Amino acid sequence: MSGGHAHQLYRPGSSVVHRLAPQCKLAAVVTFVLVVVATPARQYWAFGCYAVLLATVAALARIPAPVVVRRMAVEVPFVLFAVLLPVISSGPRVDVLGVSLSQSGLVGAWTVLAKGTLGVVASILLAATTDARDLLRGLQQLRMPSLMVQIMTFMLRYSEVIAAEMHRMRVARESRAFQGRDIRQLRTVTASAGALFIRSYERGERVHLAMLSRGYTGSLPVVDDARAAASSWLTAAVLPAAAAAVAMSAWVVQR
């Protein structure tokens with residue numbers, strides 16, 4: 001339990017992006033996303049510049065393009081919503097390939113796709129170059145409320161324990177010829193879910209008692225309180241600074 005808990009999205013490496021302090025990368029990604037959101041939607045060239053910036057980061061981090069594209073599947077629901085916007089939106093309409101579409105809906109769909117995709121890719125690159133434990137350490141360094149950091153830490157640490165418990169319960173059901181292909185077996189599935197909840201709750205109580213017996217007082221010890229070097233902040237600031245320059249140019253052009 002005290003071993004490493006590297007998440008599946010993390011890709012180990014020694015690139016300049018990997019070596020940046022986690023709090024620097026977190027601040028850079030959040031600032032970059034805010035700048036993208038603040039960019040006028042009709043300045044299409046600006047979003048192309050943002051895509052080039054992210055591609056440069058991916059190249060520096062040695063993250064293959066197919067990896068990023070596969071992980072972008074997480075935004076499929078937003079893509080479906082964007083596709084529906086021009087159809088269901090009201091206002092002036094225009095014919096596109098024989099289909100009547102709303103002009104405001106087209107702009108809204110572009111906004112969702114462009115800004116959402118850039119934010120997703122930035123998050124993918126952050127997760128691919130930063131271990132989960134380092135992300136939590138970075139949040140702690142950025143002064144996120146201690147209680148929230150502790151909750152996320154426990155979720156990370158014991159999610160694998162709960163997953164292993166689910167696997168053992170599934171093996172036990174299948175060893176008794178359970179297949180779960182009939183709606184009449186839904187009762188068994190719901191009973192298993194309830195049993196998993198009870199077991200997880202009881203395990204949590206045992207863990208809490210064990211922590212109290214070892215001196216836990218409501219806050220986790222700070223393992224690494226080292227501050228990020230100024231060079232790390234300057235390197236991480238290149239992405240949001242370049243994005244801010246693009247956004248300012250976009251606003252000037254729009255005026």
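Helix 11 covers residues 238-254, and because each of its 17 residues should add 1.5 Å, a span of 24 Å is expected, which agrees with the 24 Å that separate its end C-alpha atoms. The model described here is predicted. The points below take up helix 11, then the salt bridges, then two arginines with a positive phi, and finally a nonpolar patch on the surface.

**Helix 11 and its two sides**

- The buried residues of helix 11 are Leu239, Pro240, Ala243, Val246, Ala247 and Ala250, and because they cover an arc of only 120° around the axis, they lie on the same side of the helix.
- On the other side of helix 11, the residues Val238, Met248 and Val252 are exposed.
- The partners against which the buried residues of helix 11 pack are helix 2 (22-37), helix 3 (44-61) and helix 10 (230-236).

**Salt bridges**

- A search of the whole structure finds four salt bridges, and the pairs described next are among them.
- In helix 7, arginine 137 forms a salt bridge with aspartate 134, the closest N and O atoms being 3.3 Å apart, and because the two residues are three places apart in that helix, about one helical turn separates them.
- Both members of this pair are partly exposed, since arginine 137 has a relative accessible area of 22% and aspartate 134 has one of 29%.
- In helix 8, the side chains of arginine 168 and glutamate 165 meet in a salt bridge with an N to O distance of 2.5 Å, and these residues are likewise three residues apart, about one turn of the helix.
- The spacing in these pairs fits a general rule: an α-helix has 3.6 residues a turn, so residues three or four places apart point the same way.
- Arginine 168 counts as partly exposed at 45% relative accessibility, whereas glutamate 165 counts as buried because its relative accessibility is 10%, under the 20% that marks a buried residue.
- Glutamate 165 also meets the side chain of arginine 199 in a salt bridge, at 2.6 Å from N to O; because arginine 199 lies in helix 9 (residues 186-213) and glutamate 165 in helix 8, the pair ties together parts that are 34 residues apart in sequence.
- Arginine 199 is itself partly exposed, with a relative accessible area of 40%, and salt bridges that share partners join Glu165, Arg168, Arg199 and Arg203 into one network.

**Arginines with a positive phi**

- Most residues other than glycine have a negative phi, and the two arginines below are described against that background.
- Arginine 62, in the loop between helix 3 and helix 4 (65-71), has a phi near 60°, a positive value in a residue other than glycine, and at 60% relative accessibility this arginine counts as exposed.
- Arginine 143, in the loop between helix 7 (132-141) and helix 8 (146-174), has a positive phi of about 65° although it is not a glycine, and arginine 143 counts as exposed at 57% relative accessibility.

**A nonpolar patch on the surface**

- Val94, Val96, Leu97 and Leu106 make a nonpolar surface patch of about 350 Å².
- One of these residues, valine 94, lies in strand 1 (residues 93-96) and is partly exposed, with a relative accessible area of 30%.

How values were computed. Residues numbered from 1 in each chain as written. Predicted model: local features only at pLDDT ≥ 70, side-chain atom pairs only at ≥ 80, totals over all residues. Heavy atoms only, no water. Helix = DSSP H or I, 4+ residues; strand = E, 2+ residues; numbered from the N terminus. Expected span 1.5 Å × (residues − 1). Buried < 20%, exposed > 50% of the residue type's maximum accessible area, 1.4 Å probe, protein only. Arc of directions from axis to C-beta. Contact = heavy atoms within 4.5 Å. Patch = residues over 30% accessible without salt bridge, like charges linked within 9 Å, V, L, I, M, F, W, Y side chains within 5 Å. Areas by Shrake-Rupley, 256 points an atom, 1.4 Å probe, with all protein chains shown as cover.
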